Amino acid sequence: MILKNPLRTACLLLGATAYLAVGVPPLRADTVALPELGDASAATLSPAQERQIGEDFMRRARRGLAIVDDPLLSEYIQSLGLRLVAASDGPTQRFRFFLIQDSTINAFAVPGGFIGVNTGLLLAVHNEAELASVLAHETAHITQRHIPRLIAESERVSLPAMAAILASILIAGSGRSGGEAGIALTTAALAQRGLNYTRAFEEEADRVGIGILARSGFDPGAMPSFFERLQSLNRHNDTSLPEFLRTHPVTSNRIADARNLATRHPARARTDSSEFHHARARLRAFAPGTISEIVRDFRENLAQKKFADLGAERYGYAYALLRAGDLARAREMAGQLVQQSPRHLAYRILQADIEMAANRYREALDIFRLAQRLHPESAALTRYHAAALLKAKRPGEAYALLKPLIRKGIDDPSLYRMFGTAAGELGRGPEAHQALAEDRYLSGDLAGAIQQLQIAARQAGDNFYLISSIEARIAAIRDELTLQRKNP
């Protein structure tokens with residue numbers, strides 16, 4: 001699939017999802033009618049090709065975006081997202097929700113079901129329904145196939161080029177290095193051409209997203225409420241437009257339309273989940289900044305009863321104390337939390353983290369083993385437990401824990417990195433280098449992945465089936481690398 005004008009297509013694509021090249025005002029939506037595309041979008045991009053774009057984008061993004069590598073936080077945002085997907089028009093479609101360490105308020109969708117959420121958004125919402133409303137909106141962009149619909153009438157572009165331009169613009173929008181080329185290529189005229197269609201698609205994403213919210217048990221009125229607060233924030237702060245408003249222009253008419261749509265569904269008075277409050281407390285505890293100030297903020301909130309969830313506030317306070325090196329007080333706080341909620345996974349992990357910080361590996365591993373019996377299906381717990389086992393020089397147990405996750409093919413570079421370390425320490429050379437190859441591949445270093453696989457092949461001896469498998473993987477990655485070099 002090779003296209004004549006990749007820049008025009010990419011700008012159309014970004015207009016529907018996450019256009020982050022700042023300073024380009026949207027044109028009036030009523031000057032351009034949304035084209036009647038019929039089935040043309042399906043002829044332009046198949047679901048498999050959309051997934052290819054998204055996976056390629058993720059590999060590039062891992063090199064430039066600060067993707068959060070925290071198993072508990074990742075598990076929370078993924079579980080919330082999948083709950084919304086289950087109530088969407090594409091309940092069987094694969095989705096990947098992920099967090100980016102960025103204080104700006106934003107979220108974006110990428111072809112193939114990849115949805116990024118800035119940590120700033122998670123901390124800015126007033127309740128879980130508002131967070132769900134943004135995820136539902138982005139989910140609607142994917143299920144309604146807005147990107148294929150936008151490029152259906154344009155000339156064709158290679159899939160790697162599409163992913164590369166997406167990644168470069170998103171990275172530049174995040175303020176990190178690596179995206180300047182993408183911004184330089186994007187002229188104001190092309191950007192405006194892409195944004196001609198934005199409002200129509202945003203309105204459709206609002207309509208579909210509100211339906212997803214209602215079917216998921218969340219208050220559908222959370223979406224217009226959140227939009228209204230962002231608009232108010234914009235009016236009172238001209239120098240710092242919330243990033244979400246740059247990528248998803250909000251008008252008074254759009255808010256009114258969203259409110260009207262929300263009234264067609266029953267109002268919900270659902271309380272926030274405990275996981276929502278604990279995720280926010282965890283983010284605050286590990287936020288950049290002076291740790292003494294973070295500790296003080298938690299302490300004052302508890303003293304003044306300024307919290308929505310007492311357990312979550314104490315949980316965040318304990319982690320802040322741990323970061324500050326006050327292990328005795330952190331251990332006391334963690335003990336109280338576990339006593340009150342013995343089956344709470346996050347509290348058990350907190351306890352184990354404190355013991356690991358104190359170099360009390362035996363005690364920490366005992367806690368992890370107990371937690372595994374209570375929560376045998378938690379991939380996040382397995383990640384923490386395996387990391388502790390490696391630190392305690394027990395690679396055999398780490399290998400046994402991680403092997404089932406590796407067999408599932410989870411696209412997590414750090415998971416393969418840990419497994420490769422465990423296999424290497426056990427003398428399983430080919431397996432170690434295969435795992436490290438997947439780590440390199442998922443991190444966007446395709447040449448490095450091939451090098452690791454070549455080492456694995458040399459160490460495979462006369463194992464014909466293993467060598468054949470490795471050579472097939474090398475060939476597949478080499479084909480991708482060739483395409484990538486043609487479309488850097």
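The paragraphs below walk through a group of helices in this structure and some of the residues within them. The model is predicted, so local features need a pLDDT of at least 70 and side-chain atom pairs count only at pLDDT 80 or more, while totals for chains, interfaces and linings use all residues. Residues are numbered from 1 along each chain as its sequence is written, and side-chain values use heavy atoms, with hydrogens and water left out.

A good place to begin is helix α18, which covers residues 327-340; helices here are DSSP runs of H or I with at least four residues, numbered from the N terminus. Its 14 residues reach 20 Å from the first C-alpha to the last, close to the 20 Å expected at 1.5 Å a residue, where the expected span is 1.5 Å times one less than the number of residues. Within α18, Ala-330, Met-333, Ala-334, Leu-337 and Val-338 are buried, a word that means under 20% relative accessible area, whereas exposed means over 50% and partly exposed lies in between, with a 1.4 Å probe and protein chains only. Seen down the axis of α18, these buried residues fall within an arc of 135 degrees, so they line one face of the helix; the arc is that of the directions from the helix axis to the C-beta atoms. On the other side of α18, Ala-328, Glu-332, Gln-339 and Gln-340 are exposed.

The buried residues of α18 pack against α17 (310-323) and α19 (345-357), and contact here means heavy atoms within 4.5 Å. Leu-350, which lies in helix α19, is buried with a relative accessible area of 0%. Leu-350 touches Tyr-315, Ala-318, Tyr-319, Ala-334 and Leu-337, not counting residues up to four places away in sequence. Leu-350 and Leu-322 are 28 residues apart in sequence, yet 9.3 Å apart in space, C-alpha to C-alpha.

Helix α17 also meets α15 (residues 274-285), and the axes of these two helices come within 8 Å and cross at roughly 25 degrees. That makes α15 roughly parallel to α17, since angles under 35 degrees count as roughly parallel, over 145 as roughly antiparallel, 65 to 115 as roughly perpendicular and the rest as oblique. Axes are lines fitted to C-alpha atoms, for helices over the stretch in contact, and angles run from 0 to 180 degrees between N-to-C directions. Among the residues that make the contact are His-277 and Ala-281 of α15 and Tyr-315 and Tyr-319 of α17.
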